[in-house]
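Subject: The model I promised you

Hi,

Here is the structure we talked about, with my notes underneath. Have a look at it first, then read on.

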Amino acid sequence: MYNSKIIGLGKYVPDNVVTNDDLSKFMDTNDEWIQERTGIKERRWVEKGSGDTTATMGVKAAKVAIERSGLDKDDIDFIIFATLSPDMYFPGPGVQVQHALDIKTVGALDVRNQCSGFVYAMSVADNFIKTGMYKNILVIGSELHSQGMDKTTRGRGVTVIFGDGAGAAVLTREEDNSKGVLSTHLHSQGEHAEELVLVAPGMGQRWVSDILADNDPDDVSYFPHMNGQFVFKNAVVRFSEVIMEGLMKNELQVEDIDMLIPHQANLRISQFIQRRFKLNDDQVFNNIQKYGNTTAASIPIALTEAWEEGKIKEGDTVVLAAFGSGFTWGSVIIKW
């Protein structure tokens, strides 16, 4: 049985920078309030007419990752695309990537696990490669949140947090089982699904026909809802548990972590985990300050930046961990 390893990383974020002061111009908020609660200073939002969509941003990140991998696009055997914000209700963006990159007719899978989407996608890719089913897999996380936010004071608790962007990784077969992805660990707890949710459009509670018939300008089911305090309390517990699960599986200690890349949900969550594990600033990478929470894109964007800045080196133990809507959470342990 093979391991999988990352051989190419890429990212893309829109040019349009939206600062906390910019947000204060159309909702009752301010820079101090946002930074104190989230650590976010600015985020990137797609500008209307720019041509950036969830799929096109994913394509741009993927092109960088493929180029850096040294592979040709036609060496890609399979595509996995993680997002909560597809361009269309269906089909998903995986097939759009296959078409846009002019890759031969390989399979394309979409993962809808929100903030933990990239970790879930990595686990799927890893296991496809482990079994020998595929050799080279393109994994993408991409999100366009800004066009679906409630940009009024009513929605400020959610809107100030989220940004747009994409990240990608190319995974390939590794015959040395001491290298690459050592293990992945996935969990869910659906009883809390409505604590972080977007109800409409959907076929469970808000049918499209109902939305059209009601035509209610005060219908908030179109916008994300988050019980922030409840999510925070659960996140810090589950982050810790799933990181320890991965370390124990591989007989590693906390001190063995060279780089922790947490999902960029809230800087305060990352700082809490850093203190709990007694990690120094060189062992944890955060960039939520610049990009906000980009959901499924946050880990691949951060992983790419950490690698570009030379903070991840051959032989390092790298831990990816995420928690989010569902509730779903997971971790990936990598020997770089």
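In what sense do E8 and strand E13 (residues 328-335) pair, and over how many bridges? They run antiparallel, and eight bridges join them. One of the matched pairs is histidine 185 with serine 331, the latter sitting in E13. Keep in mind that this is a predicted model.

**The four-stranded sheet**

E8 and E13 belong to an open sheet of four strands, ordered E8-E13-E12-E11, in which the pairing is mixed. Strand E8 (180-188) and strand E11 (259-262) are at the edges with a single partner strand each, so one side of each has no neighbour in the sheet. On average, neighbouring strands here are turned by 10° against each other, direction ignored.

Two helices to look at on this sheet: helix H5 (residues 117-130) lies across E8, strand E12 (317-324) and E13, and runs at about 130° to E8. Helix H8 (residues 228-249) packs on the sheet as well, touching E8, E11, E12 and E13, with its direction at about 145° to that of E12.

**The five-stranded sheet**

There is also an open sheet of five strands, again with mixed pairing, in the order E1-E7-E6-E4-E5. Its edge strands are strand E1 (3-12) and strand E5 (107-111), each of which pairs on one side only. Neighbouring strands in this sheet are turned by 20° against each other on average, direction ignored.

Strand E6 (residues 136-143) and strand E7 (residues 165-174) are antiparallel partners over eight bridges, and isoleucine 137 stands opposite leucine 171 of E7. Helix H4 (residues 93-100) packs on this sheet, where it touches strand E4 (78-82), E5 and E6; its direction makes about 130° with that of E4. H5 turns up here too: it packs on the sheet and touches E1, E4, E5, E6 and E7, at about 170° to the direction of E6. So if you follow one helix through the model, I'd pick H5, which touches E1, E4, E5, E6 and E7 in this sheet and lies across E8, E12 and E13 in the four-stranded one.

E1 and E7 run antiparallel, joined by nine bridges, and asparagine 3 faces glutamate 174 of E7. Although E1 is an edge strand, E1 is mostly covered, with seven of its 10 residues buried.

**Salt bridges**

The count comes to 15 salt bridges. Which residue does glutamate 305 meet in a salt bridge? The partner is lysine 11, at 4.0 Å from N to O. Glutamate 305 is in helix H11 and lysine 11 is in strand E1, so this pair ties together parts that are 294 residues apart in sequence. Glutamate 305 counts as buried because its relative accessibility is 5%, whereas lysine 11, at 23%, counts as partly exposed. Both are in a network of salt bridges that links Lys11, Arg68, Lys290, Glu305 and Glu308.

The helix that carries glutamate 305 is itself mostly covered: nine of the 11 residues of helix H11 (residues 298-308) are buried, among them Ile299, Ile301 and Leu303. Just after H11, glycine 310 has a positive phi of about 75°.

Two further salt bridges for your list:

- Arginine 156 and aspartate 28, with the closest N and O atoms 4.0 Å apart. Arginine 156 is in helix H6 (residues 156-159) and aspartate 28 is in the loop between helix H1 (20-23) and helix H2 (31-38), so the pair ties together parts 128 residues apart in sequence. Arginine 156 is partly exposed at 25% relative accessibility; aspartate 28 is exposed at 52%.
- Lysine 313 and aspartate 316, at 3.7 Å from N to O. Lysine 313 is partly exposed, with 49% relative accessible area, while aspartate 316 is buried at 8%.

**Surface and loops**

Tyr89, Phe90, Met203, Trp207, Val208 and Leu212 make up a nonpolar surface patch, together offering about 750 Å² of accessible area. Within that group, tryptophan 207 is in the loop between strand E9 (196-197) and helix H7 (208-214) and is partly exposed at 46% relative accessibility.

Is aspartate 219, in the loop between H7 and strand E10 (225-226), buried or exposed? Aspartate 219 is buried, at 11% relative accessible area.

Cheers

Technical notes. Residues numbered from 1 in each chain as written. Predicted model: local features only at pLDDT ≥ 70, side-chain atom pairs only at ≥ 80, totals over all residues. Heavy atoms only, no water. Pairing = 2+ DSSP bridges. Axes fitted to C-alpha atoms, helices over the stretch in contact; angles between N-to-C directions. Contact = heavy atoms within 4.5 Å. Patch = residues over 30% accessible without salt bridge, like charges linked within 9 Å, V, L, I, M, F, W, Y side chains within 5 Å. Areas by Shrake-Rupley, 256 points an atom, 1.4 Å probe, with all protein chains shown as cover. Salt bridge = Lys/Arg side-chain N within 4 Å of Asp/Glu carboxyl O. Buried < 20%, exposed > 50% of the residue type's maximum accessible area, 1.4 Å probe, protein only.
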